[in-house]
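Q: I would like a close look at a single part of this protein, followed outward until I can see how it fits into the rest of the fold. Please go slowly and keep to what the coordinates themselves show.

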Amino acid sequence: MKLLSSAAALLCLAPLSVTASPHTLFSSSQVTLKEAFPVDGNNPLEYCTNPDGDVLSIKSVDLTPNPPKAGQTLTIQAEGTIHKRIEKGAYVLLEVKYGLITLLRQKPDLCDQIVNVDLECPLEEGTMSLTKEVELPAQIPPGKYTVHADVYTKDDERITCLDARNIQF
């Protein structure tokens, strides 16, 4: 499914996000800043939470072009370290939104999807490099997209979690 491999490449966030409850929206003293955890490299990617302890440590991800463009080839170059063998049964909680509209919410098997980036399970411990070109359809409707990918082993141990907000096409 090209959408999953493309969605994983299109993750981006602002360096800090601000949260406030409706009751404190007009009180500047009650705004909370959430710590940001950007992914290294030429990309707009960010971890959902502190990645310490995740099964996958991402060294860097480079996207060309950055940001991705509809109708163009997106080149993804990534490096990282897998700290624990990843076997069949690992899964992704994936959500893609167009503005406020949820386009996709699914829980695919990770091993069924990584064949789209020329990998296969099991993924063994160690360092890994990946280069993949993805043809982005010209028919991607213009607007802002949000992607959330929370990835777990078959034993529900977090592999990684990445967010992307306001991807502009």
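A: Strands β6 and β9 run antiparallel and are joined by 8 bridges, and in this predicted model one of the positions to look at along that pairing is V92, whose bridge partner in β9 is V151. With β6 covering residues 91–98 and β9 covering residues 144–152, you can trace the pair by eye and then look to either side of it.

On its other side β6 meets β7, and these two strands pair in the antiparallel sense over 5 bridges. Within that ladder V96 stands opposite L104 of β7, while Y98 has I101 of β7 as its bridge partner. The two strands form a hairpin with 2 residues between them, where G99 takes a positive phi near 65°.

E95 is a useful residue from which to view both neighbours, since it has its place in strand β6. Leaving aside residues up to four places away in sequence, E95 touches T102, L104 and R105 as well as T146, V147 and H148. Among these, R105 falls within β7 (101–106), and T146 falls within the span of β9. With R105 there is also a polar contact between the two side chains, at 2.6 Å.

T146 leads on to the next strand. Its C-alpha lies 5.4 Å from that of A164, although the two residues are 18 apart in sequence. A164 lies in strand β10 and counts as buried, because its relative accessibility is 0%. The loop between β9 and β10 holds D156, which has a positive phi of about 65° although it is not a glycine.

Put together, these strands belong to an open sheet of 5 strands, ordered β3-β10-β9-β6-β7, with antiparallel pairing. The edges of this sheet are β3 (46–47) and β7, each of which pairs on one side only. As a general point for reading such a sheet, the side chains of a regular strand alternate between its two faces.

Returning to V92 and V151, both are touched by L110, whose contacts beyond four places in sequence also include I86, A90, Y91 and I159. L110 falls within α2 (110–113), and it is one of six residues, with V39, V61, I86, L94 and I159, that touch the most other members of the largest nonpolar core, a set of 35 residues. The elements giving two or more residues to this core are β4 (56–64), β5 (73–82), β6, β8 (126–135), β9 and β10, and some of these belong to a second sheet.

In that second sheet, which is open and antiparallel, 3 strands follow the order β4-β5-β8. Here β4 and β8 are the edge strands, pairing on one side only, and neighbouring strands are turned by 15° against each other on average, direction ignored. Between β5 and β8, which run antiparallel, there are 10 bridges, and T81 stands opposite T127 of β8.

Two loops that adjoin strands of this second sheet deserve a check of their backbone geometry. In the loop between β4 and β5 sits P65, and the peptide bond leading to it from T64 is cis, with omega near -5°. The loop between α2 and β8 holds P122, preceded by another cis peptide bond, from C121, with omega near 0°. That loop between α2 and β8 is also the place of D118, a residue other than glycine with a positive phi near 60°. D118 is exposed, because its relative accessible area is 60%, above the 50% that marks the exposed class.

For the wider setting, the protein has 2 helices and 10 strands, which follow the pattern α-β-β-β-β-β-β-β-α-β-β-β along the sequence. Of the contacts with a separation of 6 or more, 60% are between residues 24 or more positions apart. Buried residues make up 41% of the 169 residues, and the protein exposes about 9,600 Å², with carbon and sulfur atoms supplying 54% of that area.

Conventions: Residues numbered from 1 in each chain as written. Predicted model: local features only at pLDDT ≥ 70, side-chain atom pairs only at ≥ 80, totals over all residues. Heavy atoms only, no water. Core = buried A, V, L, I, M, F, W, Y, C linked by side-chain atoms within 4.5 Å. Buried < 20%, exposed > 50% of the residue type's maximum accessible area, 1.4 Å probe, protein only. Helix = DSSP H or I, 4+ residues; strand = E, 2+ residues; numbered from the N terminus. Contact = heavy atoms within 4.5 Å. Areas by Shrake-Rupley, 256 points an atom, 1.4 Å probe, with all protein chains shown as cover. Pairing = 2+ DSSP bridges. Axes fitted to C-alpha atoms, helices over the stretch in contact; angles between N-to-C directions. Polar contact = N/O pair within 3.5 Å; in protein donor to acceptor, adjacent residues only side chain to side chain.
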